[in-house]
Amino acid sequence: MPVDTPLLDNSGNSSNVEDVKPLSLVKKFGFESKMLWRIAGPAIFTSLCQYSLGALTLTFSGRIDELDLAAVSVENSVIAGLSFGVMLGMGSALETLCGQAYGAGQIRMLGVYMQRSWIILLTTALILLPIYIWSPPILKLIGETTEISDAAGKFALWMIPQLFAYALNFPIQKFLQAQRKVLVMLWISGVVLVLHTFFSWLLILKLGWGLTGAAITLNTSWWLIVIAQLLYIFITKSDGAWSGFTWLAFSDLFGFVKLSLASAVMLCLEFWYLMILVVITGRLKNPLIPVDAISICMNINGWDAMIAIGFNAGISVRVSNELGAGNFGAARFAVWVVSITSVSVGVVVMIVVLATRDYFPYLFTSSVAVAKETTKLAALLGATVLLNSLQPVLSGVAVGAGWQSLVAYINIGCYYVVGLPAGIVLGFTFGFGAEGIWAGMIGGIVLQTIILIVVTAITNWKREADQAESRVRKWGGAIAHDQ
C-alpha cells in the first residue's frame, strides 16, 4: 500500500499519513476497524451459518448409508456448488451498484437495483435448470460411477427449489449489506440454522425419510431465509430503500447483465479453482488416500474461507460506500486497515493449522494412512489459508470499485494459464503427486495476489470516486431525477 494514503479529518478534508501524529493514526485505525467489524463480523457469522446448512445435511445423510452420503456430497459440491458460484457471482454486481448508490445518498435506487438483479438471476436459474434435470449423464461424463450419478441426479431434481432460492437470496443480501443491515441477516441465518439442525435430525434420522427428508429440510431452510429477509424489507421499507415493485427494474438491463456476468466470471474462477484440485488428484495412479487427504484439507479451507468472505463483504461495502460519497481518501485507508486485519487473522489460522497438523486429521478420519497424508499436506494448507486471508479482501476491493472485468482476466491468466498447468506438471510429470498439484496451484494464487496488490497500490482513488458518481448517474434511471 502507498505510504501517502490520505485520511479524512473531522472536517472532511484529506491529509497524508506522514502528516498525522501516531496517536491520531492509531485512533483513525481503531475507528475504521470498528466500522469494518460491524459489517464483517455479522457477515462472517452469516456465511458460516449458511455454509453449515449443506454441511449438516451432509453429516446427517452420512448416518444413513454410504450411497446417500455420496449422493448428497456430489450434488452439494458439483451441481449445487456450480449454481452457488454462478448465483453468488451474478449477485455480487449489486455490491458495486448498491454500495455506491448508498454512499451517494440515492437510497431509493437500491430497491430498483435489487429488482433488476432478481430478473437477471431468475433468468440465469432457468438457464441452469437443465444441469439439474440431466445431472446423471453429466456426472458420468466427468467420471462418477453410474450408481453415484443416478443417486445424486435423483437428489438434484429434488433440490431445484434451492436453485431459485439462490436467485432471490443473493441480491437481497447485497441489498441489505450495502445499507449495513448485516445484523438482520445474522439473526435470520442463526435461527434458521437451529431449526435446520432439529428438523434434519427429525426427518432424516428419527422418521427415517432419508434423502427425501434431506431435500425437504435443505430447501425449506433456504426459502425460510429468503422469506424472512423479504418480510423485513417489505414491512420496514428498509429506511426508504424499498418503495415497491417498479417497471424501472426492466430498464438498463444490458449494462446490469454485463457487470453481473463479469462478477460471475471473476468469482466463479476463484470459487472453482481449488475445487478442481480434488478432481485432478482423482486422476493419480492410486488416488483414494490422496483424495481423502485433499478433501479434509479443503473442508478446513472451506470453513476458513467463510471468514475471508466476511472480510470480502466488509471491504466491498466500505469501498463502494466511500467512493459513492466521493471520499476517496477514506476508501483507500479502509483498504489499508482491512488488509492488515485480515492478514493478521490469516497468520493466526496458519499457526493453528501447523501446530495441530498431527492431530486435526483424526477429527475427520480414523485411517492412519489418510491422516499421515493429510499431515504431509498441512504446510500447503497453511500457505493457502494465509493467502486466502488477503486475496479475497483484494477481490472485495475490486467488487467495491467495479473492477470485475479486469480481475476476471487476471484470474484466467494466473489460475488457469499458470497455476493449473504448473500443478499438473509438478504432480504428474515430475511425480510429486497431490503435493505437487497443490503447490503449482498455490503458485497461481501467489501470482494473482501480487498483481492485485500492485493494481490496488497504483490505483487513482480520486478517479475511482469520479467513476462511481458517473455509474450512479448512468444506472439510476428516472428515479434519480425524482429525488
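Buried here means under 20% relative accessible area, exposed means over 50%, and partly exposed lies in between, with a 1.4 Å probe and protein chains only. The views below come from a predicted model, in which local features need pLDDT of at least 70, side-chain atom pairs count only at pLDDT 80 or more, and totals for chains, interfaces and linings use all residues. Residues are numbered from 1 along each chain as its sequence is written, and side-chain values use heavy atoms, with hydrogens and water left out.

**View 1. Ser83 sits buried in helix α2**. Helix α2 covers residues 66-91; helices (H or I, at least four residues) and strands (E, at least two) are DSSP runs, numbered from the N terminus. Is Ser83 buried or exposed? Ser83 counts as buried because its relative accessible area is 1%. Leaving out residues up to four places away in sequence, Ser83 touches Leu128, Tyr132, Leu163 and Tyr166, where contact means heavy atoms within 4.5 Å. Have a look at Ala167 too: its C-alpha atom is 9.4 Å from that of Ser83, although 84 residues separate the two along the chain.

**View 2. Four aromatic residues join in a cluster**. Phe84, Tyr166, Phe170 and Trp222 are linked by ring pairs. Rings of Phe, Tyr and Trp (its six-membered ring) pair if their centres lie within 6.5 Å; planes under 30 degrees apart count as stacked, over 60 as edge-to-face and the rest as tilted. Tyr166, a member of this cluster, is also one of the residues that Ser83 touches.

**View 3. Two aromatic pairs, one tilted and one edge-to-face**. A pair of aromatic rings is described by the distance of the centres and the angle of the planes. How many aromatic pairs does the structure hold? There are 14. In one of them, Trp118 and Phe245 are tilted, at 6.5 Å centre to centre and 40 degrees between the planes. This pair links distant parts of the chain: Trp118 belongs to helix α4 (residues 109-133), while Phe245 is in the loop between α9 and α10 (253-281), 127 residues apart. Trp118 counts as buried because its relative accessibility is 8%, whereas Phe245, at 63%, counts as exposed. The rings of Phe198 and Phe199 meet edge-to-face, 5.1 Å centre to centre with 80 degrees between the planes. Phe198 is partly exposed at 44% relative accessibility, and Phe199 is partly exposed as well, at 38%.

**View 4. The largest cavity is lined from three helices**. Rolling a probe the size of a water molecule over the atoms shows where empty space is left. On a 1 Å grid over the protein atoms alone, a cavity is a set of points where a 1.4 Å probe fits but cannot get out, and lining residues have an atom within 4 Å of a point. Grid points are joined across faces, edges and corners, and a volume is the space filled by probe spheres set on the points. By this rule there are two cavities of 30 Å³ or more, and the largest has a volume of about 50 Å³. Its lining includes Asp304, Phe311, Ser342, Val349 and Asn388. Helices α11 (288-324), α12 (328-355) and α13 (368-401) each supply at least two lining residues. By class, the lining has six nonpolar, four polar and one charged; Ala, Val, Leu, Ile, Met, Phe, Trp, Tyr, Cys and Pro count as nonpolar, Asp, Glu, Lys and Arg as charged, and the others, Gly among them, as polar.

**View 5. The second largest cavity also draws on α11**. About 30 Å³ of space lies here. Which residues line the second largest cavity? They are Glu95, Gly99, Lys174, Gln177, Ala178, Ser316, Val317 and Ser320. At least two come from each of α3 (93-103), α7 (160-178) and α11. Two are nonpolar, four polar and two charged.

**View 6. Two loop residues have a positive phi**. Most residues other than glycine have a negative phi. Arg180 has a phi of about 65 degrees and lies in the loop between α7 and α8 (182-206). Lys237 has a phi of about 60 degrees and is found in the loop between α9 and α10. Arg180 is partly exposed at 35% relative accessibility, and so is Lys237 at 42%.

Terms used: 1 Å grid on protein atoms, 1.4 Å probe; cavity = no way out; pocket = protein on both sides within 12 Å on 5 of 7 lines; lining within 4 Å.
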